[in-house]
Amino acid sequence: MAKLNVNGAVVELDVATETPLLWALRDHAGLTGTKYGCGIAACGACTVHIDGQAIRSCITPVSALDESQKIVTIEGLSPDGNHPVQVAWRELDVPQCGFCQSGMIMAAAALLAQTPRPTDEDINVAMSNICRCGTYNRVRAGIHKAAAGGITG
Amino acid sequence: MAPLDNVAPSRRLLLKGAAAGAVLFGFHLPPKQALGQGAPSAQVPEVNAWVVIHPDDRVVLRMARSEMGQGTRTGLAQMIAEELHCDWSKISTEYVTPGQSLARNRAWGAFLTAGSQGIRNSQDYVRKGGAAARIMLVAAAATRWGVPAAECTAKDSVVTHGPTGRTLRYGEVAADAAKLTPPAEVPLKDPSDWTVINTSKPRLDTAAKTTGSLIYGSDLKMPGMLVAVPRRCPVFGGTVRAIDRASAAALPGVRHVLQVGDGAVAVVADTFWQAKTALDALKVDWDVGENGQVSSATIDARLTEGLDAAEAFIGNQNGDARAAIGAAPRKLEAVYSYPFQNHAPMEPMNATVVWTAERCDVWCPTQNGEAALAATAQAAGLPQQQCDIHRVDLGGGFGRRTTHDWLIDAVLIAKQIPGVPIKTMWTREEDMVQGRYHPVTKAKLTAGIDANGEITGLHMRISGQSILSFVFPNALQAGRDPVVFQGLNPTGNDSRIGYSFPNLLIDHAMRNTHVPPHFWRGVNHNQNAVYLECFLDEVAHATGQDPLALRRKLMANHPKHLGVLNAVAERIGWGGPLPEGVQGRGIAQQMGFGSYVAAAADVSVNDQGVLRIHRIVAATDCGYAVNPQQIQMQVEGSFVYGLSALLYGACTVKDGAIEQTNFDTYNVLRMDEMPKVETIVMPSGGFWGGVGEPTIMVAAPAVLNAIFAATGKRIRTVPLKDQDLRRA
């Protein structure tokens, strides 16, 4: 059993505490927007925010968390899907297959919250997510576009 | 015009299953669009197989090809809409199922989404589907008014009677149109009249990918569903000798520990994590067989032997290359190699299956619904008419999801637990070691060179795997695999060589291994373009010629190949000064999948041997361009895929098994290494070429040639991570 603060609500999940947050979210909280890509924190498809920081939920056990820590998933990034990153993503048609994009968007949103006007080098450092379709250049353009539009986090 | 209701039995089955089993997580099925659950309702008859129009004017376009990120859904919709004259803002799409197609004499044609053919091999019949529907809608309106159809026109989902100005919306006449006999003659627009094709329409499926709401196969949830995580013998062809079920059966959530066929096991549990945890604990005694002796070194030795073998299958031959080379005053020779690659789509293999003695339904991401249906029926032990495939969008495909080994195992698992929805999910590790790999090959290229530095004869000997001999042995031509010669063929409109040599021999010594090869984005073009384009570069440098000038001399009879080559040369400024920081420039061209492509790259290599790709220019002549922005995205994406392979990609074999088990050992290109890509889309008209793959094949040779120009080092073995790029 675990008590977690997910997308603004405290939920009690019937989950073994050694379970990674990724699977608690997907299989117990019903939030499947966060994806499994590698399970070893190499690809970033599972990226969520904990207290505003982008983290890889596939290697973060539920036991490491308590209800004081605010977890935000792609489903909770904005109430209406209109976070500036999401808007920019739609305007530039960033996704291809889309499977990595929840993680990309969460990583980009965390970057912009801390660095509202990131340089290309800032983006290179913050965005280590893997995309096999090859959307990198549009992801970069999307981040710059969201930054130019003014980010509120 | 029968309503499409043959998924209804499976839905009833699911509800029955729900009543019988515990509802674990609630009901989480994708929307109809993704599931392809047929007509939106029985009250809305289709106008024809491709077009359904609701009374409120919503237009539903049906799709047989699969969407895996390549934009085919939007491109196909554009082609139907071009002829349908409908309001683009009212369009949505839905998948048809192969079962529906089977019941209607393949009304939707091929489902295969591979070989860059989703658009080019559907374009004729989907445009005709749109045109026929428009003709019927106009006829229905004309009949309503009692006027000749010739006096009516259609635009933006509205039919107008010219002489009186009266109008009827498509939604008002669709039900009448559905009752009409389809027209016998369906003329299509001249390309010069297109207004939807050749425009960069935004994708129809982007929004759900920005909110996490798009349901992929691995996200599916059904009442009573259990999750299976399988493991196949890590040595291909190995079998299960014994399973110590007690080592996993008592772990939390575990419901079943199963053997799957001869060579695999699976743990079935309430959740993925429980199943995976138990699978990790499960003790299995594998019989790896004699394949356990195979290693990368033994495979390489076999391929090396093939480079000089007496017998080989001929792919392209004119004149007498061996004699010409033998008589030439100068000979140039080089040996290249290309390793196994894993597709590694971001979404690992998965399928959700419900099996009963009467029926088998599957929800899965596949690149070929019809092949998935055939595989399911065989594994289920049921006729195809009692099975169906309900498609979801793919989390990447790249060729991996054209074959269905993963689906067969998922059906074999579900078959052991009748009536219960079983979601089989592979771990990334399973995906890495149970792939279907880019074939491994080597090539020896030998050129005879005369006193003027001209090539008198070229022999290209390829040694290595044949995909067809593993995948479609019936397609071999007296043992010869024609696919091996992609981009090297003397004739044809798919993958023709772009050079004329006075004497030429290209042949293949087939040397297969136990590692299963498969179609991998770009397929055999990937290595063939490296082999030929880099070797021509070698000849140019050895004879003191400009690499572009040498190619141009050989390309006089190949104007379309030359067209794209000239385009990239001009854009990158070939022959001019290098921009600051750039140390070398390379160029390459190839034809494949019906399109002509070329690339030029600017690179630098620092004193530590670290490569930086500053800029790549790519040109594509695909005949007709349906959506230029989508083409640009495919070009960029293909470069990421191709450059990932060039920089990092190699699957190696030890004791019969693939050594790379995740992205830590099978690394790929990330954002910090992604070069600037400039795309030139230059459709010359008159043919339909593919765009998903072609440009991948010129990325690696253009960069390798640029590395030579920068460093003087000729890299003939990839990936670059294993090479020392420092200047000699």
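1. A term to begin with: two strands pair if DSSP finds at least two bridges between them. With that in hand, welcome to this predicted model. In chain B, β14(B) and strand β19 (residues 441-449) run antiparallel and are joined by 9 bridges. For one concrete link, look at L332(B), whose bridge partner in β19(B) is A447(B).

2. Next, step back to the sheet around that pair. It is an open sheet of 5 strands in chain B, in the order β13-β21-β20-β19-β14, and the pairing is mixed. At the edges sit β13 (313-318) and β14 (330-338) of chain B, each of which pairs on one side only. On average, neighbouring strands of this sheet are turned by 10° against each other, direction ignored.

3. What packs on this sheet? Helix α15 (residues 525-542) of chain B does, touching β14, β19 and β20 (455-464) of chain B. The direction of the helix makes about 150° with that of β14(B).

4. Elsewhere in chain B, L611(B) is a useful residue to click on. It lies in strand β24 (residues 611-621) of chain B. Is L611(B) buried, exposed or partly exposed? L611(B) has 19 other C-beta atoms within 10 Å, and a residue counts as buried only from 20 or more, so L611(B) is partly exposed. Leaving aside neighbours within four places in sequence, L611(B) is in contact with V603(B), V605(B), I707(B), L720(B) and L725(B). As for P55(B), 556 residues apart from L611(B) along the chain, the C-alpha atoms of the two are separated by 59 Å.

5. Now to chain A, where the domain assignment gives domain 1 (2-76) and domain 2 (84-148). Taken over C-alpha atoms, the centres of these two domains of chain A are separated by 21 Å. Their contact involves 15 residues of domain 1 and 12 residues of domain 2. On the domain 1 side, β3 (47-50) and β4 (53-56) of chain A each supply at least two residues, and the largest share, 3 residues, comes from β3(A). That side of domain 1 divides into 6 nonpolar, 8 polar and 1 charged residues.

6. Finally, see how the chains meet. The contact takes 46 residues from chain A and 48 residues from chain B. On the chain A side, α1 (21-28), α2 (84-91), α3 (101-114), α4 (120-126) and α5 (136-148) each supply at least two residues. The largest share of that side, 4 residues, comes from α5(A). By type, the chain A side divides into 22 nonpolar, 18 polar and 6 charged residues.

Methods. Residues are numbered from 1 along each chain as its sequence is written. Chains are lettered from A and ligands numbered from 1 in the order in which they are written. This is a predicted model: local features need pLDDT of at least 70, side-chain atom pairs count only at pLDDT 80 or more; totals for chains, interfaces and linings use all residues. Domain bounds come from an automatic or database domain assignment. Two residues are in contact if their C-beta atoms, placed from the backbone, lie within 7 Å. Ala, Val, Leu, Ile, Met, Phe, Trp, Tyr, Cys and Pro count as nonpolar, Asp, Glu, Lys and Arg as charged, and the others, Gly among them, as polar. A residue is buried if 20 or more other C-beta atoms lie within 10 Å of its own, exposed if 12 or fewer, and partly exposed in between; C-beta atoms are placed from the backbone. Axes are lines fitted to C-alpha atoms, for helices over the stretch in contact, and angles run from 0 to 180 degrees between N-to-C directions.
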